[in-house]
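Here are my notes on this model, in numbered points. Please keep the structure open beside them as you read.

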Amino acid sequence: MVSAPHEAMHRVFQEYPGLFTRLSDVLGLHLPPVASSEPLTVDLTENEPLERRVDTLLRIETQGDGPFLLVVEAQGKKDPGKTASWPYYVTYLNNKYRLPVLLLVICQDHATATWAARPLTIGLPQWPTVTTRPLVAGPHNMPVITDVAEARKDLALATLSAITHADNPDVDAILKTMSVALRDTPESIAEPFVELIAQGLGNRPAAQQWRNLVAVDLSFYTSPLSEEIRDEGRAEGRAQGRVEGCVEGQAKAVLFVLDRRGIGVTDAIREKITACTDPELLQRWLGRALFATTAEEIFGE
């Protein structure tokens, strides 16, 4: 089953294809300026009953060096199966489109990034016939962006950085920087970044931190995430209201029974009963109030 972080790590390239231009500089890959890019079908299925799909496939047009294909794979853990599938993707696409192919793998932990960066060879040990060298972006080489001005310069790169550093001890500062950077950004522009970060963090502890920041710093947005947070708040409020109403009714019932039985209640006892917020305790007091001879007896063991 595909996880939310997996989707976010490659989807950001679908939403912002130009991101790879800036990312290539971060990764030390010098390319000519990109003129344009377009998404291609990710289905690599052949006529035989074997289905293969890449996560994201883009055709990148450069200024001067011609086009190439960019395959973006999001990798959450080591997968021995990729030893065969990644070289297949590269050779199949090169054969189908007759264009150079670059394989980019996005990771969120150091161990997976180190594993993914290993050259994949097909052939004899002394003479590899095909060698696939993935280009890897992850916490080992993605910048930690905690400067608001830097984040605003390139929101797509800052978003990918936040996703790849989801397990970084400084992730709170990274997310706070993003929330501030998005605060003055038009909602139509900011909304996809808000959702991508939420998706990329998955069920990590940082996800709740991001939800809190969206609820406070970006509370004026009407994105699906912010609406979900508001709905949760309203649901919690209704649940709390029901609990409070139940407690208040139980306290009144205790006082009502004591009053009907002619048992005197001092101001201190009345205050103790009305201040109680434990429904189970109030229920016990109500049961005792039916037989107690004094108000103090309802509190006894």
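1. Let me start with the lining of the second largest pocket in this predicted model. Its residues divide into six charged, three polar and two nonpolar. That makes 11 lining residues, and those nearest the centre of the pocket are His 6, Ala 74, Gln 75, Asp 79 and Lys 82. Strand β3, residues 67-75, supplies the largest share of this lining, with three residues. The volume of the second largest pocket comes to about 160 Å³.

2. Do have a look at Gln 108, which sits in the loop between β4 (101-107) and α4 (110-116). Is this loop residue buried or exposed? Gln 108 has a relative accessible area of 6%, so it counts as buried. Its side chain has polar partners on the backbone: one of its polar atoms lies 2.8 Å from the backbone oxygen of Ile 163. The backbone oxygen of Gly 200 is likewise found 3.1 Å from a polar atom of the Gln 108 side chain. Beyond its neighbours within four places in sequence, Gln 108 is in contact with a set of residues that includes Pro 5, Met 9, Pro 139, Thr 164, Ala 166, Asp 167 and Arg 204. Gln 75 is also one of the contacts of Gln 108, and you will recall Gln 75 from the centre of the second largest pocket.

3. Now for the nonpolar interior. In soluble globular proteins, nonpolar side chains tend to be buried together. The largest nonpolar core here holds 47 residues, and the members that touch the most others are Phe 13, Leu 23, Leu 70, Leu 104, Leu 175, Met 178 and Trp 210. Helix α6, residues 155-164, gives the most to this core, contributing seven residues. Another core, of 21 residues, lies apart from it, and its members include Tyr 88, Val 90, Trp 115 and Val 136.

4. Met 178 is a good residue to centre your view on. Which residues does Met 178 touch, once those up to four places away in sequence are set aside? They are Ala 151, Leu 155, Ala 158, Thr 159, Ala 162, Ile 197 and Trp 210. Trp 210 appears with Met 178 among the residues that touch the most other members of the largest core.

5. Two strand residues can be read side by side. Ser 36 belongs to strand β1, residues 34-39, and its relative accessibility of 36% is why it counts as partly exposed. Outside its neighbours within four places in sequence, Ser 36 is in contact with Arg 59, Ile 60 and Glu 61. Arg 59 is 23 residues away along the chain, with a C-alpha separation from Ser 36 of 8.4 Å. Val 130 lies in strand β6, residues 127-132, and is partly exposed because its relative accessible area is 26%. Leaving out neighbours within four places, Val 130 contacts Thr 91, Leu 120, Thr 121 and Ile 122. The C-alpha atoms of Val 130 and Leu 120 are 8.1 Å apart, with their positions 10 residues apart in sequence.

6. Please check the backbone at Arg 98, in the loop between α3 (82-97) and β4. Most residues other than glycine have a negative phi, and most peptide bonds are trans. Arg 98 has a phi near 55°, a positive value in a residue that is not glycine. With a relative accessible area of 64%, Arg 98 is exposed.

7. Two helix residues give further reference points. Val 257, in helix α10 (residues 224-260), counts as buried because its relative accessibility is 14%. Its C-alpha atom is 9.6 Å from that of Gly 287, 30 residues apart along the chain. Ala 149, in helix α5 (residues 148-153), has a relative accessible area of 45% and so is partly exposed. Between Ala 149 and Ala 181, 32 residues apart along the chain, the C-alpha separation is 7.4 Å.

8. Finally, the chain as a whole. The protein chain has 12 helices and seven strands, and 41% of its 301 residues count as buried. Among contacts with a separation of 6 or more, 64% come from residues 24 or more positions apart.

Technical notes. Residues are numbered from 1 along each chain as its sequence is written. This is a predicted model: local features need pLDDT of at least 70, side-chain atom pairs count only at pLDDT 80 or more; totals for chains, interfaces and linings use all residues. Side-chain values use heavy atoms; hydrogens and water are left out. On a 1 Å grid over the protein atoms alone, a cavity is a set of points where a 1.4 Å probe fits but cannot get out, and a pocket is an open set with protein on both sides within 12 Å along at least five of seven lines; lining residues have an atom within 4 Å of a point. Grid points are joined across faces, edges and corners, and a volume is the space filled by probe spheres set on the points. Helices (H or I, at least four residues) and strands (E, at least two) are DSSP runs, numbered from the N terminus. Ala, Val, Leu, Ile, Met, Phe, Trp, Tyr, Cys and Pro count as nonpolar, Asp, Glu, Lys and Arg as charged, and the others, Gly among them, as polar. Buried means under 20% relative accessible area, exposed over 50%, partly exposed in between (1.4 Å probe, protein chains only). A polar contact is a pair of N or O atoms within 3.5 Å; within protein, one must be able to donate a hydrogen and the other to accept it, and residues adjacent in sequence count only if both atoms are side-chain atoms. Contact means heavy atoms within 4.5 Å. A nonpolar core is a set of buried Ala, Val, Leu, Ile, Met, Phe, Trp, Tyr and Cys residues joined through side-chain atoms within 4.5 Å.
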